[in-house]
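Please look over the structure below before reading on. A short report on it follows.

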Amino acid sequence: MEEIRPEDIGAIVKPEPLKAFCREIFVRLGVPEEDASITADVLVAADLRGIFSHGVARMRRYVNGLKSGMMKPRPEVKIVRETAVTATIDAGAGLGQPVSYRAMKLAIKKALEHGAGFVAVRNSNHYGIAGYYAMMALEHDLIGISSTNADVLVVPTFGRKAMLGTNPISIAVPAGKERPFVLDMATSAVPRGKLEVYDRLGKKMPLGWATDEKGLPTDDPGLVLRNLAERRGGGLLPLGGAGEEMGGHKGYGLALAVDIFCGVLSGAAYADLVYPRDEQGRPLPSNIGHFFGAMRIDAFRPLDEFKEAMDDLIRRLKESPKAEGQTRIYIHGEKEFEAAERFAREGIPLDKKVVADLKALAQEFGVEFPA
């Protein structure tokens, strides 16, 4: 979960008006109403859960993609291969959220019918937070899995050129009386969005998050972001940081595994083949890949027994001895659930620079900003 300092808050907006605002902008860009609603819901869900780097702060990115033609507002989406428990979908270079929502629905349908379902997607775009799709399985008492590859931002261990994306993984597991377990993590030390947040706030970032163009550690987020935009070298470090001493090679391996499932298996682009450009340097469709899975728990053991065991596991962890000075042990997803409850009640805090950009979009498209 990400924090916004009180002095950096530009507006506090209720979730539903914020969704309506985003939806209307997408519709005015030619996106069908249903697809616009799904995309807006995914973005606002990120903000509700306190993952501000992947929320409405990304609106400009999608607007620019749709206006440039890199993202198609009305793509031709089709299933290109299918079995009883698997499918591969071509997203037609459309927005990542609508195809991902429907791909996860298909994985869930297959799991309910056959015990498990796995769906790969190619020729897609950025799909928002991975956890949104994994959590869809919770409504059906299923285990959900979601992952995606992404624009090259991460240097491999011992490398100095970005070759992999932040390549997030999310796993959602239902419990009984306790909250579900929801892992939603980048396989890099941090996602690019965190650098963007630090850059917006004019803050130095911790050493160990990223490297400069020589492959050396840097605390300047603006430098790293510029180098990535201009493809001058350097980038984010894998989970665990530089080298092997703190396990950076393990984060590198996780990122590579995601690229295999999302890129190689689906037939999408992978490594530095994603987000290609033409000879003039203009962006072409990104050909991002996603991978979704759903598993029926009662295919392994009775559901009620599983939930009781999950509750016991969670309680054992939360009630275990705390480190000196600490008062609480969290389970993955717990902070985000609590943030969502609070922001749904009080409104979502938005950074001043994000508000300024949204107001500029409001003026551009003739849509009222719901501050």
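The report covers the sheet, one helix residue, a surface patch and the salt bridges.

This is a predicted model, in which local features need pLDDT of at least 70 and side-chain atom pairs count only at pLDDT 80 or more, while totals for chains, interfaces and linings use all residues. Residues are numbered from 1 along each chain as its sequence is written, and side-chain values use heavy atoms, with hydrogens and water left out.

**The sheet**

An open sheet is built from seven strands, ordered β2-β3-β4-β10-β5-β6-β7, with mixed pairing. Its edge strands are β2 (78-82) and β7 (181-185), each pairing on one side only. On average, neighbouring strands are turned by 15° against each other, direction ignored. Strands (E, at least two residues) and helices (H or I, at least four) are DSSP runs, numbered from the N terminus. Two strands pair if DSSP finds at least two bridges between them. Axes are lines fitted to C-alpha atoms, for helices over the stretch in contact, and angles run from 0 to 180 degrees between N-to-C directions.

Strand β5 (residues 142-148) pairs with β10 in the antiparallel sense over seven bridges. It also pairs with β6 (residues 169-173), again antiparallel, over four bridges. G144 of β5 has A294 as its bridge partner in β10 and stands opposite A172 in β6. S147 stands opposite I169 in β6. Five bridges join β6 to β7, which run antiparallel. There, V173 stands opposite F181.

Six of the seven residues of β5 are buried, so β5 is largely enclosed by the rest of the structure. The same term fits four of the five residues of β6, so β6 is largely enclosed too. Buried means under 20% relative accessible area, exposed over 50%, and partly exposed in between (1.4 Å probe, protein chains only).

Helix α4 (residues 96-114) lies across β2, β3 (86-90), β4 (116-124), β5 and β10 (288-296), and runs at about 30° to β10.

**Helix α8**

Is V258 buried or exposed? V258 counts as buried, at 4% relative accessibility. This residue lies in helix α8. Leaving aside neighbours within four places in sequence, its contacts (heavy atoms within 4.5 Å) include S147, T148, P168 and I169. L256 lies in α8 (residues 248-264) as well, but L256 is partly exposed, with a relative accessible area of 37%.

L256 belongs to a nonpolar surface patch of about 640 Å², made with I260, F261, V264, L265, Y270 and L273. Patches are made of residues with over 30% relative accessible area and no salt bridge; like charges are joined within 9 Å, nonpolar side chains (Val, Leu, Ile, Met, Phe, Trp, Tyr) within 5 Å. Areas come from the Shrake-Rupley method with a 1.4 Å probe; for residues, only the protein chains shown count as cover.

**Salt bridges**

A salt bridge is a side-chain nitrogen of Lys or Arg within 4 Å of a carboxyl oxygen of Asp or Glu. The count comes to 28 salt bridges. Three pairs are listed here.

| Pair | N to O distance |
|---|---|
| R5 and E7 | 3.6 Å |
| K19 and D41 | 2.8 Å |
| K161 and D272 | 3.6 Å |

K161 sits in the loop between β5 and β6, and D272 in the loop between α8 and β10, 111 residues apart. K19 lies in helix α1 (residues 15-28) and D41 in helix α2 (residues 33-48), so this pair ties together parts 22 residues apart in sequence. K19 is buried at 15%, whereas D41 is partly exposed at 22%. R60, K67, D357 and E364 are linked in a network of salt bridges.
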